[in-house]
Amino acid sequence: MSKYFIFQLIITILAALVWVKILYRLMKRQLSWAKGWWWLAAWLMVVVVFWWPGLTSWLAFNLGIGRGADLIVYIAILVLFYLLFRVYVRLDQQQREIGKIISHLAIKESFDDLKKQS
Amino acid sequence: MKIIIVIPAWNEARHLGGVIDDLLVYYSAKSIIVVDDCSSDETGQIARNKGVIVVPHLINRGYGAALRTGTLAAIEQGADIIVHFDGDGQFLVSEIAEMVKPIQTGQSEVVLGSRFLTKISDIPFFKKWFIQRPAILIHRLLLGLPLTDTHNGFKAFGRAAAIKIFPNLQQERYAGATEVLQAIKQYHLVWAEVAVTVKYGEFGQGFGDGLKILKDLVWRFFIK
């Protein structure tokens with residue numbers, strides 16, 4: 001049994017565990033289907049790349065990039081940028097929600113004060 | 001018509017007392033709302049001591065958020081006309097009557113104060129030509145509204161207009177003023193500009209604030 005095979009096995013088990021987790025969250029409706037499918041496909045790709053590493057070289061060659069490893073780095077950077085953008089969007093959304101709560105509490109407090117005075 | 005004056009205030013202890021005193025000459029304490037945007041000085045206490053309505057933000061949220069909160073509170077209080085008035089002593093209380101007139105007579109739903117109409121405001125050279133004029137040009141290009149001034153804190157809204165604009169206001173900082181203008185255009189509100197006097201001191205928005213406003217607007221455009 002080669003060292004790489006052990007590595008492939010570990011990655012496959014890890015991906016399987018992540019799939020189970022994603023499917024569980026989908027069934028519990030804690031995750032939207034759009035996001036769920038995206039993550040399932042992403043982890044499927046990880047497994048495919050580890051079992052058929054030549055595939056990335058073939059794809060990279062056809063895209064004019066050269067090495068398969070470079071292609072993976074480029075894709076990883078793009079994905080990370082996208083995820084960073086998503087995090088910023090979520091942060092912005094939470095900020096707006098906090099703003100609404102603060103506004104609501106402020107108005108309530110001022111009206112309570114008015115009631116006490118009258 | 002019930003007029004309520006909304007003052008957004010953040011660390012305005014130096015000027016706020018004087019502004020409220022001036023307002024109390026013309027308006028009752030219960031028609032003045034001060035939104036204390038989590039000041040670290042005595043802003044909130046000064047307003048309370050004057051007997052006006054204080055709406056306190058637990059966390060600092062910014063100028064736009066303070067205006068939104070204050071306007072919503074004024075709507076809840078049954079205001080027919082809501083006037084936005086800065087707490088730093090820039091504006092003249094005596095000019096509120098002129099600001100609300102177009103709404104009272106049914107000519108306009110929103111009235112915007114302008115420093116560049118007939119009255120003379122002592123605007124510093126840099127502020128006028130490197131901040132305000134470019135800002136006016138950008139707003140005209142973006143919104144297509146023939147404004148003579150932008151980001152002037154002196155505004156008046158009819159009740160129906162305020163109900164349309166403020167509950168959905170997204171921008172919590174200075175860019176909130178631009179969003180108000182966008183909403184005026186979006187809801188096809190009848191608006192007018194009225195000449196106001198602005199006294200300048202060590203306050204108001206600087207060049208850095210202008211850049212922040214642009215950044216907030218661009219960001220909102222992308223994540224909308």
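**Exercise 1. How many bridges join strand 5 of chain B to strand 7 of chain B, and do the two run parallel or antiparallel?** Then place strand 5 among its surroundings.

*Solution.* Keep in mind that you're looking at a predicted model.

Step 1: Find strand 7, residues 191–195 of chain B; five bridges join strand 5 to this strand, and the two run parallel.

Step 2: Now look for strand 6, residues 155–158. Three bridges join it to strand 5, and this pair runs antiparallel.

Step 3: Pick Val111(B) as your marker. In strand 6 of chain B, Ala156(B) stands opposite it, while in strand 7 of chain B the residue opposite Val111(B) is Ala192(B).

Step 4: Check how covered strand 5 (residues 110–114) is: five of its five residues are buried. Val110(B), Leu112(B) and Ser114(B) point one way, Val111(B) and Gly113(B) point the other way, and all are buried.

**Exercise 2. Describe the largest nonpolar core and follow one of its residues, Val6(B).**

*Solution.* Step 1: Count the members. The largest nonpolar core has 59 residues.

Step 2: Look for the residues with the most contacts inside the core; these are Ile5(B), Val6(B), Ile7(B), Ile33(B) and Val83(B). As for elements, helix 3 of chain B (residues 63–76) gives the most, with seven residues.

Step 3: Zoom in on Val6(B). Skip its neighbours within four places in sequence, and its contacts include Ile33(B), Val35(B), Leu67(B), Ala74(B) and Val83(B).

Step 4: Zoom back out to chain B, which has eight helices and seven strands. Of its 224 residues, 45% are buried. Take the contacts in chain B with a separation of 6 or more, and 76% of them come from residues 24 or more positions apart.

**Exercise 3. Why does Asn11(B) count as partly exposed?**

*Solution.* Step 1: Locate Asn11(B) in the loop between strand 1 (3–9) and helix 1 (13–26) of chain B.

Step 2: Count neighbours. Asn11(B) has 17 C-beta neighbours inside 10 Å. A buried residue needs 20 or more, and an exposed one has 12 or fewer, so Asn11(B) counts as partly exposed.

Step 3: Leave out the neighbours within four places in sequence, and Asn11(B) is in contact with Ser39(B), Ser40(B), Asp41(B) and Thr43(B).

Step 4: Try a distance too. Asn11(B) and Lys164(B) are 153 residues apart in sequence, and their C-alpha atoms are 30 Å apart in space.

**Exercise 4. What covers the buried residues of helix 4 of chain A?** Begin with the span of that helix.

*Solution.* Step 1: Helix 4 of chain A (residues 68–117) has 50 residues. From first C-alpha to last it reaches 73 Å, close to the 74 Å expected at 1.5 Å a residue.

Step 2: List its buried residues: Leu71(A), Gly99(A), Ile102(A), Ser103(A), Ala106(A), Ile107(A) and Ser110(A).

Step 3: Here's a handy rule for reading such a list. An α-helix has 3.6 residues a turn, so residues three or four places apart point the same way.

Step 4: See what lies over those buried residues. The cover includes helix 3 (54–63) of chain A, along with strand 3 (53–56) and helix 3 of chain B.

Step 5: Finish with the contact between the chains, which takes twelve residues from chain A and 17 residues from chain B. On the chain A side, six are nonpolar, three polar and three charged.

Conventions: Residues are numbered from 1 along each chain as its sequence is written. Chains are lettered from A and ligands numbered from 1 in the order in which they are written. This is a predicted model: local features need pLDDT of at least 70, side-chain atom pairs count only at pLDDT 80 or more; totals for chains, interfaces and linings use all residues. Two residues are in contact if their C-beta atoms, placed from the backbone, lie within 7 Å. Ala, Val, Leu, Ile, Met, Phe, Trp, Tyr, Cys and Pro count as nonpolar, Asp, Glu, Lys and Arg as charged, and the others, Gly among them, as polar. Helices (H or I, at least four residues) and strands (E, at least two) are DSSP runs, numbered from the N terminus. Two strands pair if DSSP finds at least two bridges between them. A nonpolar core is a set of buried Ala, Val, Leu, Ile, Met, Phe, Trp, Tyr and Cys residues joined through C-beta atoms within 7 Å. The expected span of a helix is 1.5 Å times one less than its number of residues.
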